[in-house]
Amino acid sequence: MKTARKELEKTTGENIKTGKTPVRYQEMWWTIESNLTEKNIIEKNIIEKNIIEKNIIEKNIIEKNIIEKNIIEKNIIEKNIIEKNVIEKNVIEKNVKKKDMEKKGMGKMKNMIVLENLSKNYGVKKAVDDINLTVKEGEMLSLLGVNGAGKSTTIKMLSCLTKPSGGTAKIDGRDVVKERDRVKEIVGISTQDTAIARNLTVEENLSFMAGIYLDPKAFDKKKREERVEEILRDFKLEEVRRTKSGKLSGGWQRRLSIAMAMIGNPKVLLLDEPTLGLDVLARRELWREIEKIKKNRTIILTTHYMEEAEALSDRIAIMIKGKIIMTGTLGELEEKTGQKGLENVFVSVVEGEEKHE
Ligand SMILES: Nc1ncnc2c1ncn2[C@@H]1O[C@H](COP(=O)(O)OP(=O)(O)O)[C@@H](O)[C@H]1O
Ligand SMILES: [Mg+2]
């Protein structure tokens, strides 16, 4: 018995005298084990809860990202729609205007600018090669072409700055060679190298032009000054009126140049690449100015920016290597070439020309 008790104490590590039996000992372990398991289960649950929570948070973040992405995409789409609407509005307005002109009868509309077989040679170089073009009163025509196409030379002949080598150009019936003074009365021009005197202030440049262009019989000194004030106001040049013109940014200089061309309130305005070299914002600003002065005025604008021609003009003439290849409204050009948008029209016309050569 003594041996058996010792054996038991040995195997269980318990003192039988304390009353603990092997059975109770086993129960004790069972309790410990089950407690342990419960603790484990709780820990497991906590870990599982954390994982679920983490998943929910991650899911929320992903959902938030998707929502944000959708909002951004929606904004982009909305912006595109607005931009498209603006372009469409312009197109619609142009169509309305075209229809108006048609209603009045295109035949009845006065031809303001008429070029017949107009040419200009520099030595053997045909800068302008036998062009024919008519611009109606109140129309804005964009003369579109790459560098060297002959745009500036055409504009210079129309404003009597250079003499044609052949053919005729008439503005409101006045011949640019035989009636130079009468042409100058009704034509305003703004070119890349317009005679802005860099050392004169904005105001002085305008006064100088007023002295040259305004008929002294109709405009005494006071009236000339009034006209300068009016132009300063119209072109929002007041804030720079005392700035030396050479110190102005490119955008302001072009605006001054157009303002100077407008001093005599010309019936016909020639704008040679008015937005060349300007940043996007300055260009848009100038477009707005041009839109404003468009009313009841005949304008030829040269540019090699397609979107400019598209946005501003009633009709477009495409010039390549001294020749006018195609003329029409954007819609007509698209129809003629089977292309959509002026850039595609232009590329197809230029490539078509190259194939002919
Ligand atoms: N004063 C000039 N002397 C010689 N060649 C000229 C002169 N002005 C223009 N040209 C040439 O005539 C062509 C047409 O020029 P221009 O009318 O300035 O084209 P655009 O204005 O379309 O860029 C170009 O090849 C150009 O080099
Ligand atoms: Mg030019």
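User: Two residues are taken to be in contact if their C-beta atoms, placed from the backbone, lie within 7 Å. Among contacts in the protein chain between residues at least 6 apart in sequence, what percentage joins residues at least 24 apart?

Analyst: The model is predicted. The contacts considered are those between residues at least 6 apart in sequence. Of these, the share joining residues at least 24 apart is 66%.

User: What percentage of the residues of the protein chain counts as buried?

Analyst: The chain contains 11 helices and 10 strands. A residue counts as buried if 20 or more other C-beta atoms lie within 10 Å of its own. Of the 357 residues, the buried portion is 29%.

User: Which helix gives the most to the shell around ligand 1?

Analyst: The residues around ligand 1 include Tyr 122, Lys 125, Gly 150, Lys 151, Ser 152 and Thr 153. At least two residues of this shell come from each of strand S2 (125–136) and helix H3 (151–158). The greatest contribution is three residues, and it comes from H3.

User: How many residues of the shell around ligand 1 are polar?

Analyst: Gly 145, Asn 147, Gly 148 and Ala 149 are also among the residues around the ligand. The shell holds three nonpolar and two charged residues. Its polar residues number six.

User: Which helix gives the most to the largest nonpolar core?

Analyst: This core has 62 residues, and Leu 158, Leu 206, Ala 259, Leu 270, Ile 300 and Ala 317 touch the most other members. Leu 206 touches Val 228, Ile 231, Leu 232, Ala 259, Met 260 and Ile 263, not counting residues up to four places away in sequence. Six residues of the core come from the helix at residues 250–261, which is H7.

How values were computed:
Residues are numbered from 1 along each chain as its sequence is written. Chains are lettered from A and ligands numbered from 1 in the order in which they are written. This is a predicted model: local features need pLDDT of at least 70, side-chain atom pairs count only at pLDDT 80 or more; totals for chains, interfaces and linings use all residues. A residue is near a molecule or strand if its C-beta atom, placed from the backbone, lies within 6 Å of it. Helices (H or I, at least four residues) and strands (E, at least two) are DSSP runs, numbered from the N terminus. Ala, Val, Leu, Ile, Met, Phe, Trp, Tyr, Cys and Pro count as nonpolar, Asp, Glu, Lys and Arg as charged, and the others, Gly among them, as polar. A residue is buried if 20 or more other C-beta atoms lie within 10 Å of its own, exposed if 12 or fewer, and partly exposed in between; C-beta atoms are placed from the backbone. A nonpolar core is a set of buried Ala, Val, Leu, Ile, Met, Phe, Trp, Tyr and Cys residues joined through C-beta atoms within 7 Å.
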